[in-house]
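Biologist: Hello! Could you walk me through this structure, one question at a time?

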Amino acid sequence: MQRDLLDALRCPGTHEESWLVAMVLEASGSSLLVAELACPVCGAEFRIVNGIAHFEDSTPVASPALPSEPYTRDMALRLAALLGVAESQLPVGLVGRYTAASGALASLVSAPQLLINSGPVIPGPGVSCIVVADRLPLGVESLAAIAVDAAHATVTFLESATRALRLGGRLVAPADAPVPAGMRELARDATEWVAETTTRASGLVELRRRAPDSIG
């Protein structure tokens, strides 16, 4: 997992948003290989093992049903157009089946990638991987865009994806999935729809010390 992603990670617990406390045990350049993560609010603990951050519960996460054929350039071009990102400092999220597009998409979109529940997909250089249960452990406006496959397109997961998107960021999801509140549908066909965020979600509140009132 890339070190830059660490600041975007949040506890997936259902409480106020909180940064995670990290103890890095092994790293290689910008990549975190082994680390321990903990939530200061609820005490939940998570781990980064072999460069992959694990946020799943005790239920094993099934590997995604990947496409039988590799992503062609035309397929990657279509996905890049749906995501609407040509260049970004924020990551593009690919979930489940869409993680198979990682390599082809990297040649078209100049943005970091975050692969979520990628199963056997081998990430390329500079790509982060996380394993999650029913929601994304990401802070507000930490993603440029995200594509979610049918196996993950639950109401809870899509709501967490919407919250993680920057204002105007796009969400690609199956045609039969509900469009979350705060999203405006842009296009739809028989297999997918694409929508963009129209409102900002509330996140961490930064507290600032007020200067003391002047005397006299």
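Biologist: Which residues touch the most other members of the largest nonpolar core?

Modeller: Happy to help, and keep in mind that this is a predicted model. The largest nonpolar core holds 36 residues. Those touching the most other members are Ile-116, Ile-146 and Leu-171.

Biologist: Which element gives the largest share of this core?

Modeller: Several elements supply at least two residues each, among them strand S2 (31-38), strand S8 (143-147) and helix H3 (155-164). The largest share is four residues, and the element it comes from is H3.

Biologist: How many residues does the second, separate core have?

Modeller: This core includes Leu-79, Leu-83, Val-85 and Ala-145. Its number of residues is 22.

Biologist: Is Glu-192 buried or exposed?

Modeller: Let's place Glu-192 first: it lies in strand S11 (residues 192-197). A residue counts as buried under 20% relative accessible area. Glu-192 has 12% relative accessibility, so it is buried.

Biologist: With which side chain does the side chain of Glu-192 make a polar contact?

Modeller: Leaving out residues up to four places away in sequence, Glu-192 touches residues including Leu-82, Tyr-98, Pro-174 and Arg-78. The polar contact spans 2.4 Å, and the partner is the side chain of Arg-78.

Biologist: How are the rings of Phe-46 and Phe-55 arranged: stacked, edge-to-face or tilted?

Modeller: The count of aromatic pairs comes to one. Its ring centres, in Phe-46 and Phe-55, are 4.8 Å apart, with the planes at 35°. Planes under 30 degrees apart would be stacked and over 60 edge-to-face, so this pair is tilted.

Definitions and conventions: Residues numbered from 1 in each chain as written. Predicted model: local features only at pLDDT ≥ 70, side-chain atom pairs only at ≥ 80, totals over all residues. Heavy atoms only, no water. Buried < 20%, exposed > 50% of the residue type's maximum accessible area, 1.4 Å probe, protein only. Polar contact = N/O pair within 3.5 Å; in protein donor to acceptor, adjacent residues only side chain to side chain. Contact = heavy atoms within 4.5 Å. Phe/Tyr/Trp six-rings, centres within 6.5 Å; stacked < 30°, edge-to-face > 60°. Core = buried A, V, L, I, M, F, W, Y, C linked by side-chain atoms within 4.5 Å.
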